[in-house]
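Subject: A structure for you to explore

Hello! Here is the structure I promised to pass on to you. Please open it beside this email, and then read on for what turned up in it.

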Amino acid sequence: MVAPLIEAAALSRVYETRRGVFGKVSSVRAVDDVSLKVSPGETLGVVGESGSGKSTLGRLLLGIDPAQHGRVTFEGKPMPTFGTAEWRASRAKMQFIYQDPLAALDRRLTIATQIREPMDIHELFEGSARTDRVAALMAAVGLRHDQANRYPHELSGGQRQRAVIARALATRPKLIVCDEPVSALDVSIQAQVVNMLRDLQDELGLAMVFISHDLKVVRNVANRVAVMYLGRIVEEAPSDMIFASPRHPYTRALVSSVPVPGQPLKGRMILQGEPPNPADRPSGCAFHPRCPFAIELCRASVPELRPVEDLRAAACHLVDSANAPIAA
Amino acid sequence: MSHLVEIRDLKVAFDSVQVLHGIDLNVGRGEAIGLVGESGCGKSVTWLAALGLLPGKAAVSGSVRIEGRELRGVHRSALESVRGGRIAMIFQDPSSALNPVLRVGRQITEAVSLHRGLRGETARAEALRLMDMVGIPDARRRFDLYPHEFSGGQCQRLMIAIALAGEPDLLIADEPTTALDATIQAQMLDLLIQLRTETGMATVFISHDLGAVSQVCERVCVMYAGRIVEQASIAQLFANPRHPYTRGLFDAIPRLDGPRDRLIPIPGTVPDPRYLAAGCAFAPRCPNAAAYCDFQRPALDTLADGRHLACFNPVPPANSLPVRRKILEGV
């Protein structure tokens with residue numbers, strides 16, 4: 001077994017909000033007791049609906065947002081505290097890619113300058129080598145060299161996302177956390193960027209945490225997938241396994257809600273109700289108010305994430321460790 | 001049989017850049033049509049132009065008829081009896097389409113009195129009925145809440161309630177599920193299907209998601225660079241897409257089953273409407289393109305099976321067998 005590149009143990013993050021100046025403080029448990037590991041060269045997909053805490057989890061992993069509980073270990077060493085010199089130096093090894101490339105790029109700098117910037121900041125490579133590396137990175141992500149002096153608004157959405165990815169790769173990171181990197185792109189362009197990410201990963205041996213609500217894209221990119229619901233991981237398994245035979249009722253509903261071209265909507269498991277409000281978390285299993293199989297136990301106690309079969313963990317009282325699927 | 005809406009040779013130009021190059025489209029009574037294509041292909045512009053909702057600088061020409069009555073160039077008051085009343089439109093982002101400082105009940109009541117002339121208790125009762133109809137639980141208690149107190153999916157339901165207030169003959173849904181979560185998206189598709197069965201209104205479903213379109217619609221128009229390039233029934237299109245662009249859209253969708261192979265993208269991007277080639281706009285990205293595709297434009301012809309297609313070198317017909325079945329039979 002390869003030592004994990006990054007390991008998170010029992011991460012929790014609670015945000016406190018106040019309604020009005022004198023209002024009562026209410027706390028939102030965005031991420032609740034999440035543990036995960038990513039090995040070098042592996043891609044972990046994180047899926048869930050809005051408010052499930054998947055983006056917060058990505059930020060916690062890189063220490064951009066400090067966790068209140070739990071710890072993150074990168075290459076066997078604890079993550080340095082946010083804002084310190086060591087933390088800044090660690091940024092060279094891990095990078096973040098956001099959903100909206102226009103917001104992530106500086107509108108007043110050409111893309112070549114922006115791809116070069118991380119190398120200047122971390123003082124990696126020497127003078128002209130940096131210029132060569134900018135050209136090499138642009139070629140690697142499929143940007144033409146004549147686009148080097150363009151400004152972000154002069155590029156299409158797909159090209160901007162390529163520029164963001166080139167910039168993230170500039171410092172030769174070992175880990176990239178991508179938060180919805182292709183969600184804003186058209187399906188044809190999305191396929192271009194997804195292929196490019198897969199190729200780059202093969203060449204560079206990058207580890208990736210790929211956060212997305214698009215199950216089809218996650219299945220294509222990720223080796224392993226963690227499904228989040230209200231801040232907790234409810235099921236984790238290899239990509240092929242989790243989509244072919246989801247075990248947690250929430251995963252089953254998610255998989256069956258994906259519209260497949262040419263297949264009628266009949267026979268799907270359509271969940272009733274809205275995703276619950278993270279500020280008003282249901283008791284017991286957070287999914288029980290929407291779960292068609294919920295029993296009394298689900299209201300009372302929170303199910304632990306535990307191994308239910310080889311390579312698969314699930315957090316559900318009704319998924320037993322024997323291989324029998326729960327009653328449909 | 002005459003159609004509910006007939007669009008003929010609809011063209012739109014912004015600052016003398018033509019973005020819509022003559023759209024012909026019929027919508028029958030009670031029919032559900034999908035419009036698909038990448039962003040910037042003119043899906044939304046078609047309907048914004050048809051309903052006179054584009055800004056003044058847009059130059060619109062062509063004809064839009066509802067039950068034989070011309071809509072283009074008529075006086076604003078005549079147009080307003082159609083908009084919201086006969087034809088209603090809902091948009092992608094429900095939270096920006098609702099007024100944040102008005103209670104939702106009042107916004108629905110306003111639409112009810114505007115389009116149907118109901119007042120007071122009758123209007124309120126009708127608004128409550130609409131909220132029930134679109135699946136807002138506990139409508140009576142939530143009538144006086146503000147939009148921010150509803151989730152994104154519920155805001156979209158409220159938008160649909162307002163759209164239904166005028167008992168429209170045609171609902172135009174512009175990317176209604178794109179901003180919603182997967183499980184809520186499935187609920188919303190269900191709702192659109194159910195409402196169409198209950199009210200018998202026609203639906204135009206604008207989306208880039210072929211999967212979602214196939215759940216709701218009977219007929220699909222594929223648009224590229226301001227033109228319809230293929231139009232067929234859902235069954236025809238999914239069994240055997242003929243235009244290379246349609247085929248490319250299908251191939252680019254990652255699968256939920258089967259091997260996790262590399263995806264098949266469409267190379268390049270949608271052309272800039274300022275610099276369109278003389279020939280087929282898709283030629284630079286097309287795997288089947290011949291030299292003449294660059295300077296000759298294929299017309300939208302009707303094929304023997306009833307579909308419309310604009311291509312010189314289409315994907316060959318599949319002898320009416322779905323692709324997957326053919327593979328199985330070949331083994």
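Two residues are in contact if their C-beta atoms, placed from the backbone, lie within 7 Å. Please keep in mind, too, that this is a predicted model.

With that idea of contact we can begin at helix 10 of chain A, residues 249-256. Is this helix enclosed or open? Of its 8 residues, 7 are buried, so helix 10 of chain A is largely enclosed by the rest of the structure. The buried ones are Pro249(A), Tyr250(A), Thr251(A), Arg252(A), Ala253(A), Leu254(A) and Val255(A). What do they pack against? In chain A, their neighbours are helix 8 (215-221), strand 9 (224-229), strand 10 (232-238) and helix 9 (239-244), and helix 8 of chain B joins them.

Now look at helix 11 of chain B, which is mostly covered, with 7 of its 9 residues buried. Those buried residues are Pro244(B), Tyr245(B), Thr246(B), Arg247(B), Gly248(B), Leu249(B) and Ala252(B). They pack against helix 7 (187-204) of chain A. Within chain B, they pack against strand 3 (32-36), helix 9, strand 9, strand 10 (227-233) and helix 10 (234-239).

Both helices lead us to the place where the chains meet. There, 36 residues of chain B are in contact with 36 residues of chain A. On the chain B side, helix 7 (152-164), helix 8 (182-199), helix 9 (210-216) and helix 11 (244-252) each supply at least two residues. Which of the helices gives the largest share? It is helix 8 of chain B, with 7 residues. By type, the chain B side divides into 16 nonpolar, 13 polar and 7 charged residues.

Next, the nonpolar core. In soluble globular proteins, nonpolar side chains tend to be buried together. The largest nonpolar core here has 184 residues, and the members that touch the most others are Ala166(A), Val227(A), Ile108(B), Ala161(B) and Val204(B). Helix 7 of chain B gives the most to this core, with 8 residues. Domain 1 (5-217) and domain 2 (245-330) of chain B both give residues to the core, so it lies between them.

Val227(A) is a good residue to click on. Leaving out residues up to four places away in sequence, Val227(A) touches Val47(A), Gly48(A), Ile233(A), Val234(A), Glu235(A), His248(A), Tyr250(A), Thr251(A) and Leu254(A). Among these contacts, Tyr250(A), Thr251(A) and Leu254(A) are buried residues of helix 10 of chain A.

Back to the two domains of chain B. Their centres, taken over C-alpha atoms, are separated by 30 Å. The contact between them takes 8 residues from domain 1 and 6 residues from domain 2. On the domain 1 side, strand 2 (residues 17-27) of chain B gives the most, with 3 residues. That side divides into 5 nonpolar, 2 polar and 1 charged.

Strand 2 of chain B also belongs to a sheet. This is an open sheet of 4 strands in the order 2-1-4-5, with antiparallel pairing. Its edge strands are strand 2 and strand 5 (69-70) of chain B, each pairing on one side only. How many bridges join strand 1 (residues 5-14) of chain B to strand 2 of chain B? There are 8, and the two strands run antiparallel. To see one of the pairs, find Glu6(B), whose bridge partner in strand 2 of chain B is Asn26(B). Helix 1 (residues 43-50) of chain B packs on this sheet, touching strand 1, strand 2 and strand 4 (58-66) of chain B. The direction of helix 1 makes about 105 degrees with that of strand 1 of chain B.

Chain B has another open sheet, with 8 strands in the order 6-7-8-3-9-10-12-11 and mixed pairing. Here the edge strands are strand 6 (87-90) and strand 11 (301-302) of chain B. Strand 9 and strand 10 of chain B pair in the antiparallel sense over 6 bridges, and Val220(B) has Ala232(B) in strand 10 as its bridge partner.

One last stop is Arg219(B), in strand 9 (residues 219-224) of chain B. Why is Arg219(B) partly exposed? It has 19 other C-beta atoms within 10 Å, while a buried residue needs 20 or more. Beyond its close sequence neighbours, up to four places away, Arg219(B) touches Glu31(B), Ile33(B), Ser233(B) and Ile234(B).

Enjoy exploring!

Key
Residues are numbered from 1 along each chain as its sequence is written. Chains are lettered from A and ligands numbered from 1 in the order in which they are written. This is a predicted model: local features need pLDDT of at least 70, side-chain atom pairs count only at pLDDT 80 or more; totals for chains, interfaces and linings use all residues. Domain bounds come from an automatic or database domain assignment. Ala, Val, Leu, Ile, Met, Phe, Trp, Tyr, Cys and Pro count as nonpolar, Asp, Glu, Lys and Arg as charged, and the others, Gly among them, as polar. Two strands pair if DSSP finds at least two bridges between them. Axes are lines fitted to C-alpha atoms, for helices over the stretch in contact, and angles run from 0 to 180 degrees between N-to-C directions. A residue is buried if 20 or more other C-beta atoms lie within 10 Å of its own, exposed if 12 or fewer, and partly exposed in between; C-beta atoms are placed from the backbone. A nonpolar core is a set of buried Ala, Val, Leu, Ile, Met, Phe, Trp, Tyr and Cys residues joined through C-beta atoms within 7 Å.
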